[in-house]
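Me: I am new to this structure and would like a careful look at a single part of it, set against the whole. Please explain each term as it comes up.

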Amino acid sequence: MAGYFAVSFSFGILAMQGGLSVIQAALTSLTNMTSSGQFAGLQIIAAGGTLIELILTQVIINMRYSLMSLALSPKLDKKIKLWQRLLIAFANTDEIFAVAMSRERSLTFPYMAGLQILPIFGWTAGTAIGAIAGNLLPTALTAALGIALYGMFIAVVVPVARRSRPVLLSALIAIAISCVLYVLKVSAGISIIVSTVAASALMAFLRPIEGGVDE
């Protein structure tokens, strides 16, 4: 919960800077639970992007959740009903997925509900408090806190990129494409979509995962 609170606090500040109200920012976090998807969506909203750009961006960025749900599904208790699976899928985010997969026993609905409720609360509360603080804190401080988002992304990518050359090349290719599209004044939403798809598709062709689909 504390980890979700810290990241969503930055989102709340950026949401206020992007023109959202405190309620809108909090409802965004409560109904989405996707850090990278929300930050990317916020950029599109602030840039005046279209709903099509917003939808395509969310589908691409959040595609990993489908794979995570497929991996988690066999570990769920057989007694879990469909509507309960849908609730679990809503908050099956990276950290929750990692904790759930590390559990040796089967995953019951009460266990998953307990695992997910606190992060949902922390994510929503952090956004609301961050949005409120964005109106109270000095401009220089809120701008500095906004940079924390980019530091978080760098902290996620760099350690993996140091171990994996394909990941490093993927990031560099995406950066290069994004820079070109920025110079060409392509909208933020389209830029994110093109950069993500082009970089990942190119590296999947040039450096496919060894061992094929089974691995």
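What follows is a close look at the surroundings of T127 in helix α8.

Reply: The model is a predicted one, in which local features need pLDDT of at least 70 and side-chain atom pairs count only at pLDDT 80 or more, while totals for chains, interfaces and linings use all residues. Residues are numbered from 1 along each chain as its sequence is written, and side-chain values use heavy atoms, with hydrogens and water left out.

To place the part in its setting, the protein has 11 helices and zero strands, where helices are DSSP runs of H or I with at least four residues, strands are DSSP runs of E with at least two, and both are numbered from the N terminus. The radius of gyration of the protein is 19 Å, which agrees with the value near 17 Å for a compact globule of 215 residues; that radius is taken over C-alpha atoms, and the globule rule is 2.2 Å times the number of residues to the power 0.38. Along the principal axes, the C-alpha atoms fill a box of roughly 50 × 45 × 35 Å.

T127 itself belongs to helix α8, which covers residues 109-136. With a relative accessible area of 0%, T127 is buried, a word that stands for under 20% relative accessible area, with exposed meaning over 50% and partly exposed what lies in between, all with a 1.4 Å probe and protein chains only. In the protein as a whole, buried residues make up 33% of the 215 residues.

Which residues does T127 touch, not counting residues up to four places away in sequence? They are S8, F9, F11, G12, A25, A26 and S29, where a contact means heavy atoms within 4.5 Å. Of these partners, A25, A26 and S29 fall within α2, which spans 22-32. Across the protein, residues 24 or more positions apart account for 73% of the contacts with a separation of 6 or more. T127 also has a distant counterpart for comparison: A198 is 71 residues away in sequence, and their C-alpha atoms are 32 Å apart.

The loop between α2 and α3 (35-46) holds M33, which has a positive phi of about 55° although it is not a glycine. Most residues other than glycine have a negative phi. M33 counts as buried, at 2% relative accessibility. K185, in the loop between α10 and α11 (188-206), likewise has a positive phi, of about 60°, yet K185 counts as exposed at 75% relative accessibility.

Returning to helix α8, F109 at its start is a contact of Q84, whose place is in helix α6 (residues 82-90). Leaving aside neighbours within four places in sequence, Q84 is in contact with K79 as well as F109, and at 12% relative accessibility Q84 counts as buried. A89 lies in helix α6 too, but counts as partly exposed at 40% relative accessibility; its C-alpha atom is separated by 9.4 Å from that of S73, which is 16 residues away along the chain.
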